[in-house]
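Here's a quick walk through the strands of this model and how they pair up. Keep the 3D view open as you read.

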Amino acid sequence: EASPAPESPFLVLATQQGGIKKIPLIPYLYRIAKAGSPLLKVDRGDALGWAAAGKDTDGAVLASSNGRVLVFGLTEMRAAGNSAGTVKGMRLAEGNSLVSMALVPHADMEHMRQEEA
C-alpha cells in the first residue's frame, strides 16, 4: 500500500497512558461520518483522551501530569490501519498520565526548529 502524500489529512489519537496512533483520514472518513467506526483498540486501564486532525508535516505536543512535554513531527510516526493498536508516544512514570495532546502546524514546527539551532 502506498503512503499518503504529506498534505493528506490524518487523524491522530492519543490515550491517557501515552499511546498514540496516526490514521490516514481519507479512507476512513466516510465510515466515521456515517456510523462511527472503531479505530483504536484501547488497553485495559487506559482510555482514549484526544483526537485531532492534522497533516504529516505537522507536529504533536504531548504533556504529562508531572509536567513533562514531548514535541515531535508526525513524519516520525508510521500511519496505521484501524486494526492496529497504539505506539508509545510518551513514556510515563508510575502514577502519571497524559493530560494533553495538541497538533502544531508545520510553520510553527519550522519556527521551533530554527529557535533550537
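## The three-strand sheet

In this predicted model, three strands make up an open sheet, ordered E5-E4-E7 and paired in the antiparallel sense. At the edges sit E5 (69-73) and E7 (98-104), each of which pairs on one side only. Going from one strand to the next, the twist averages 15°.

Now for the contact between E4 and E5. E4 covers residues 59-64, runs antiparallel to E5 and is joined to it by 5 bridges. If you want a spot to click on, try Ala63, whose bridge partner in E5 is Val69.

## Strand E1 and its two partners

Over to E1, then. Is strand E1 largely enclosed or not, and why? Of its 7 residues (9-15), 6 are buried, so the rest of the structure largely encloses this strand.

E1 pairs with E3 (residues 48-55) in the antiparallel sense, over 7 bridges. It also pairs with E2 (residues 19-24), again antiparallel, over 5 bridges. Val12 is a handy residue for seeing both pairings: Ala52 stands opposite Val12 in E3, while Lys22 is the bridge partner of Val12 in E2. As background, strands of a sheet pair through backbone hydrogen bonds, either parallel or antiparallel.

## The E1-E2 turn

How many residues lie between E1 and E2 in their hairpin? There are 3, and Gly18 in the turn has a positive phi of about 95°.

Conventions. Residues are numbered from 1 along each chain as its sequence is written. This is a predicted model: local features need pLDDT of at least 70, side-chain atom pairs count only at pLDDT 80 or more; totals for chains, interfaces and linings use all residues. Side-chain values use heavy atoms; hydrogens and water are left out. Buried means under 20% relative accessible area, exposed over 50%, partly exposed in between (1.4 Å probe, protein chains only). Helices (H or I, at least four residues) and strands (E, at least two) are DSSP runs, numbered from the N terminus. Two strands pair if DSSP finds at least two bridges between them. Axes are lines fitted to C-alpha atoms, for helices over the stretch in contact, and angles run from 0 to 180 degrees between N-to-C directions.
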